[in-house]
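Please look through the structure shown here slowly, keeping the sequence at hand so that each place can be found as it is named. We will go from one place to the next and build up a picture as we read.

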Amino acid sequence: MSNFKLVKTAAALALGASVVTSAVATTDASAASKYKIKSGKLVYAKSGKVVKGYVTYKSTVYKNGSKLTGLKGKTYYKAGKKATGTYKGAYYVKGVKKVTTGTYNKAYYVKGVKKVSTGLYASKYYKDGKLATGTYKGAYYVKGLKKVTTGTYNGAYYVAGKKVVSTGLYKDQLYVSGKLNKGYKLYKEDLYKDAVLNKGLVVFEDKLYDGAKQNDKLVIFDGKLYDGVKVNEGIKKFEDKWYNNAELADGTFTIDGKEVAFENGVEVGAKVKSVEAINAKQVVVTFNKSVQSGTATNGAELATNYTVDGDNPTTVELSTDKKSATLTFDAGLVASLDKYLEVEVKDIKDLAGDKIEAYKAPLYFADKKAPTATASFNAPTLEVKFSEPLSVNTAGNELATSSTSNATVSVDGVATTNYNVVLDKSTAGLKGATSIKVNNLPAGKHTISIVGATDLAGNFLPAFTTEVTVAADTVAPEVTSFTSEGNKVRVKFSEPVVDVANLVAPSTTAAVAVTDGTTTIHATAAQAVDKEGTEFLIDATSLITSGNFVSKELTVIAGSKDASGNVSKELKKTLLITKDTAAPKVVETKIVDKNIIVKFDESVVAGTTPIATNINVAFTSADGVVYAAGNKSIGSVSYKYDVNNDGDTTDAGEDHYLVIPVTDSSIINGTTLKAGSYKVTLTKQAVKDASNNENDATTLSFNVGSTSTTDAIVTAAPTEVTPGVLQFAFNKVLTADQLKAENFTIDGVAVPADAKIYFFGNKQTVRIELPANYISVTGNRTLAVKDIKDEDGNTLSKATGATSAVVQLKENILPTATKLTLVDAQHLTVDFSEALATLPGTVSGMKVKVNGVEIALDTTAPFALDTTKKVLTIKADSATAFKLTDVITVEINGTNVTDVAGNTVKDGTLSK
């Protein structure tokens, strides 16, 4: 019984296995007779029952007896065969799934259904089944989305879906980033306005365009003159008008070296531009062009050419540019204030010699404006400046309210006279205070006030008060500059050290002094370069005991005090002093009233044959009448000229003059000399300078009045000051642009371009420093000037004056140290390239170092020259013993050693 059960179980297992196998079979049955088709169904052949599950029969897949349409696994069947088509939202090819929604084989499918290959679907553009960018049926698409048909997209312009231009031209119109241009745009050098080429004138990006192109001619635009693309620069004529830069010319300009005046673009002749009363005594006449100086300066020049209410001014002063004249009436206008006066200007010439247009017009005089004051403080001095000159008393040393009473200046509430009045010295007779200086204020806080001061018309200065705090001054003055200039030494301090007005010399109490250890020279008031007491030019001729020059160590003596009592220290320096052997020379001649004013290049006094009562004058009048040469009566001559008309002849340079008053009635016309040409013979030795050099006989030629045509420059004979330093003196003021190498020649050849050319002392004296080693041999050479013009533009007259001179030029080859030799334990020798004239003035001239340490030299005779004067022996002190193994160095300070021509030795170092 149990065996039966076992068999049954095995059979059951076998049967179950066959059923499972048939349910999952995917291939044809091994026995075709197992299945058959009955009524279109797959059934078992024996039982006729429908076969369950998937069965492949005769290459056809059946499911539950029916041909499979659907998925078996991931394979798509239709009627039992692998099929191509859409099934449940997917597209299959030979049973294999290819796409649900997307692209397959260059077509776009949605849920397995093909929608488009190339074309539109859902308003999107596809190409080969993919969203595409491009043109389709007159529209432009980007990633399937339509962007534009005709119009702008993404910086480009499209027509019928096709891009035709980004930035550029399309059908002669300018597009920028796909849009028609708006406004001005430069494209390929052409200017467009909106979308088309520009028409007419327009400024674009700071350049002027004429139409589409840049302007290339003179043209007026927006009221301005353009030269090409830019506004015009400089003075230029266009059509019938002159322009200065972009605007119509208005004013005075120099064209081709000639001064030309314009009004509103039209050239006009010389005329009075304006007349203005600036205070109770002064009138300023302004011209549209520079006018001639006339026959005099800083005095009565052209005075009769100006009339105010019938009166001529006392003085006339031209401005530096000669375009305005300040007329001063010492007493005439004050009484005429607050009324109309007639002003007349006539007979004045411009620089070209053309008369200005006569001027006659009323001018209202009324000075009712009160003056103002401002304060500035430079310890220990407070300066109060006024907006116009204030009245002063007759002595000129205090502010005044009238001729009999003074204004009150107070310091800390106490009236004081401890102040200096600074007068307007630019015009004779004005005597007005331009400022006051309250001096030597002690340390502490102070209140300074001015009450009762008036201007020249009587207008009161509002009560003025200012406060200052003075710190204690503990800084001693220092010598900031100590140099030699020929026979003089120039000493400059960091601050004022002396009251120049009270300085007398020679005196042991003089505040500024220089010594060589034997001779002491004290500064004089006349040697003060400035009235503040900071700079002095002291004559040092007395230090030259033999020959014409000396090089020695000088000392500015300690003890000069500033206003606070601080004392200066001494300063030592070796300087070359050369004797003044040059005779004084005439640099200018002019007429002031009836005086012949002769200016020299240096200070002068009466010479061996001084002018006493006569002077030889040859005169030809303006109408051609010749007066025989002969002695014409003169008055007492003087040797100082009040240049500033301030009643003081102690100012710098005012002792350079010979003033000759003419008294002969035959050549006098009222208050001045008759118009005509003059030749005045100045006799030999008539004057002498501080070094007793006397003048040579000199003939002075000049014109007075209407016969004056040109103010030709005449030079004094050129000279050599020191080796390699040349000096040229002129009788007229020059301008800096005349200091050019090509204007000065040596034997017809222009001085070298690297020469230093500069004004010396004034703008009438020129010095030229030739480069070192330029003159190799001492000898005569011709110095000359050419093509020089004065400040008025007049060219050097080659017919008169010493335009050239034969001068002995000394060689300026700098001696050079060439060899250092160790002689013995205490002596060295230095060989030089040429003979020396002087020994080092001090041991500082030759510093000797042993192994880098400076040693002392013998105190008695540290230096000696051999007979050739080319070998210098240096002796060390007794504490030094040179050894052969030492490194010995000699440092040479050339300013202490000179050759026979006065050239200083070239600085240098020799080692052994």
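In this predicted model, the hairpin formed by E33 and E34 has 2 residues between its strands, and within this hairpin Asp-222 takes a positive phi near 55 degrees. The two strands on either side, E33 with residues 218-221 and E34 with residues 224-227, run antiparallel and are joined by 4 bridges. To follow one of these pairings by eye, start at Val-219 and look across to E34, where its bridge partner is Tyr-226.

From the hairpin we can move along the chain to Phe-238, which belongs to strand E36, made up of residues 235-238. Is Phe-238 buried or exposed? Its relative accessibility is 14%, and because buried means under 20%, Phe-238 counts as buried. Setting aside residues up to four places away in sequence, Phe-238 touches Leu-218, Val-219, Ile-220, Leu-225 and Tyr-243, and Val-219 is the residue whose bridge partner we have just met in Tyr-226. If you then look from Phe-238 to Leu-248, you will find 10 residues of separation in sequence and 9.9 Å in space, taken from C-alpha to C-alpha.

Further on, Ser-560 lies in the loop between strand E62 (549-556) and strand E63 (571-578). Although Ser-560 sits in a loop, its relative accessible area is 1%, so Ser-560 is buried. Which residues is Ser-560 in contact with, once its neighbours within four places in sequence are left aside? They are Pro-477, Phe-493, Val-497, Ala-511, Val-512, Asn-566, Val-567 and Ser-568.

How values were computed
Residues numbered from 1 in each chain as written. Predicted model: local features only at pLDDT ≥ 70, side-chain atom pairs only at ≥ 80, totals over all residues. Heavy atoms only, no water. Buried < 20%, exposed > 50% of the residue type's maximum accessible area, 1.4 Å probe, protein only. Contact = heavy atoms within 4.5 Å. Pairing = 2+ DSSP bridges.
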